[in-house]
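Trainee: I am new to this structure. Please take one part of it and go through that part closely.

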Amino acid sequence: MTTSTELETVYMSCHRRLVRIAATLLGDTDDARDTVQDVFLNIIEKPVATDKPEAYLTMAVRNRALDRLRSLSRDVRELNACCPSMTTFCCLW
């Protein structure tokens, strides 16, 4: 995935599947699309040499989605420590 043509080809063939994977983990399609976009933007900035781009992207999207979940969990814990009554409201929202 070193040229823009290679990246575009992989994007077109894998995008839907990658969004589904991220959406399954995150529970939100918009966050899933953002996650997949983040992964592709990283690859544009730092090209990756791999023989199996689909496998690489699958793991990258999975890892990025898990990072988002960890970050959200940390945010909720911090909010709970600061304002315990707000956590119930935010989690219901």
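**A close look at helix H2**

Mentor: In this predicted model, helix H2 takes in residues 29-45, and its 17 residues at 1.5 Å a residue should span 24 Å; the C-alpha atoms at its ends are 24 Å apart, so expectation and model agree. At the N-terminal end, H2 is capped by Asp 28, which has a side-chain oxygen 3.1 Å from the backbone nitrogen of Asp 30.

Next, the two sides of the helix. Ala 32, Thr 35, Val 36, Val 39, Phe 40 and Ile 43 are the buried residues of H2. These residues lie on the same side of H2, because the arc they cover around the axis is only 130°. An α-helix has 3.6 residues a turn, so residues three or four places apart point the same way. Exposed residues Ile 44 and Glu 45 sit on the face of H2 turned away from the buried side.

One of the buried residues is Thr 35, with a relative accessibility of 0%; buried means under 20%, so Thr 35 qualifies. Apart from neighbours within four places in sequence, Thr 35 has contacts with Ala 22, Leu 26, Val 61, Arg 64, Ala 65 and Arg 68.

Val 36, also buried in H2, leads on to the core. The largest nonpolar core has 17 residues, and Val 36 is among those with the most contacts inside it, together with Leu 18 and Leu 57. Helix H1 (4-26), H2 and helix H3 (53-82) each give two or more residues to this core. H1 supplies the largest share, seven residues. In soluble globular proteins, nonpolar side chains tend to be buried together.

Methods: Residues are numbered from 1 along each chain as its sequence is written. This is a predicted model: local features need pLDDT of at least 70, side-chain atom pairs count only at pLDDT 80 or more; totals for chains, interfaces and linings use all residues. Side-chain values use heavy atoms; hydrogens and water are left out. Helices (H or I, at least four residues) and strands (E, at least two) are DSSP runs, numbered from the N terminus. The expected span of a helix is 1.5 Å times one less than its number of residues. Buried means under 20% relative accessible area, exposed over 50%, partly exposed in between (1.4 Å probe, protein chains only). The arc is that of the directions from the helix axis to the C-beta atoms. A polar contact is a pair of N or O atoms within 3.5 Å; within protein, one must be able to donate a hydrogen and the other to accept it, and residues adjacent in sequence count only if both atoms are side-chain atoms. A nonpolar core is a set of buried Ala, Val, Leu, Ile, Met, Phe, Trp, Tyr and Cys residues joined through side-chain atoms within 4.5 Å. Contact means heavy atoms within 4.5 Å.
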